[in-house]
Amino acid sequence: MKPMPDADENRRLGEIETDKANKLPPGAARKHHLKKARDHEANAHSNDWRDSNLHAPD
């Protein structure tokens with residue numbers, strides 16, 4: 001099983017998908033890349049939130 005990407009990696013992947021979408025004409029392929037970019041950003045936000053709540057109490 002491959003490891004899950006961390007928040008920074010998800011943001012990087014989201015930027016790549018956005019760049020790919022910006023190079024495409026309007027249509028289904030562009031929408032697909034933009035959806036993947038949004039999903040990566042959402043995963044990054046989720047990972048940040050999860051990681052911030054996993055620290056040991058002081």
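Me: The expected span of a helix is 1.5 Å times one less than its number of residues, where helices (H or I, at least four residues) and strands (E, at least two) are DSSP runs numbered from the N terminus. How far apart are the end C-alpha atoms of H2?

Reply: Quick heads-up: this is a predicted model, where local features need pLDDT of at least 70, side-chain atom pairs count only at pLDDT 80 or more, and totals for chains, interfaces and linings use all residues. Residues are numbered from 1 along each chain as its sequence is written, and side-chain values use heavy atoms, with hydrogens and water left out. H2 has 25 residues, so at 1.5 Å a residue it should span 36 Å. The end C-alpha atoms agree with that, sitting apart by 36 Å.

Me: And H1, what does it reach from its first C-alpha to its last?

Reply: H1 runs over residues 7–23, which makes 17 residues with an expected 24 Å. The model comes close to that expectation, with a reach of 25 Å.

Me: What does the secondary structure come to, counting helices and strands?

Reply: H1 covers residues 7–23 and H2 covers residues 28–52. For the protein, the tally is two helices and zero strands.

Me: How much of the protein counts as buried?

Reply: Buried means under 20% relative accessible area, exposed over 50%, and partly exposed in between (1.4 Å probe, protein chains only). The areas come from the Shrake-Rupley method with a 1.4 Å probe, and for residues only the protein chains shown count as cover. About 4,900 Å² is exposed, 57% of it from carbon and sulfur atoms. Of the 58 residues, the buried share is 17%.

Me: Which residues of H1 are buried, and how wide is their arc around the axis?

Reply: The buried set in H1 is Ala7, Asn10, Gly14, Glu17 and Ala21. They lie on the same side of H1, because the arc they cover (taken from the directions from the helix axis to the C-beta atoms) is only 80°.

Me: Which exposed residues does the opposite face of H1 carry?

Reply: The buried side of H1 has H2 as part of its cover. Turn away from that side and you meet the exposed residues Asp8, Glu15 and Lys23.

Me: Which residues of H2 are buried?

Reply: Here the cover includes H1. The buried residues of H2 are His33, Ala37, His40, Ala44 and Asn47.

Me: Glu17 is an acidic side chain in H1; which side chain makes a polar contact with it?

Reply: Glu17 is buried, at 7% relative accessible area. Its contacts (heavy atoms within 4.5 Å), leaving aside neighbours within four places in sequence, are His33, Lys36, Ala37 and His40. A polar contact is a pair of N or O atoms within 3.5 Å; within protein, one must be able to donate a hydrogen and the other to accept it, and residues adjacent in sequence count only if both atoms are side-chain atoms. At 2.6 Å, the polar partner of the Glu17 side chain is the side chain of His33.

Me: What does Asn47 touch, beyond four places in sequence?

Reply: Asn47 lies in H2 and is buried, with 11% relative accessible area. Its C-alpha is 9.3 Å from that of Asp8, although the two are 39 residues apart along the chain. The residues Asn47 touches are Pro5, Asp6, Ala7 and Asn10.

Me: How long is the Asp8–Arg11 salt bridge, N to O?

Reply: A salt bridge is a side-chain nitrogen of Lys or Arg within 4 Å of a carboxyl oxygen of Asp or Glu, and the count comes to five. Asp8 and Arg11 are three residues apart in H1, so about one helical turn separates them. Asp8 is exposed at 58%, whereas Arg11 is partly exposed at 29%. Their side chains meet at 3.8 Å.

Me: Which residues make up the salt-bridge network?

Reply: The Asp8–Arg11 bridge belongs to it. The linked residues are Asp8, Arg11 and Asp48.

Me: What's the N to O distance between Arg12 and Glu9?

Reply: Arg12 and Glu9 are three residues apart in H1, about one helical turn. Both are partly exposed, Arg12 at 41% and Glu9 at 27%. Their side chains meet in a salt bridge of 2.8 Å.

Me: Over in H2, which residue does Asp39 pair with in a salt bridge?

Reply: An α-helix has 3.6 residues a turn, so residues three or four places apart point the same way. Asp39 and its partner are four residues apart in H2, about one turn. Asp39 is partly exposed at 37%, and its partner is partly exposed at 44%. At 3.0 Å, N to O, the partner is Lys35.
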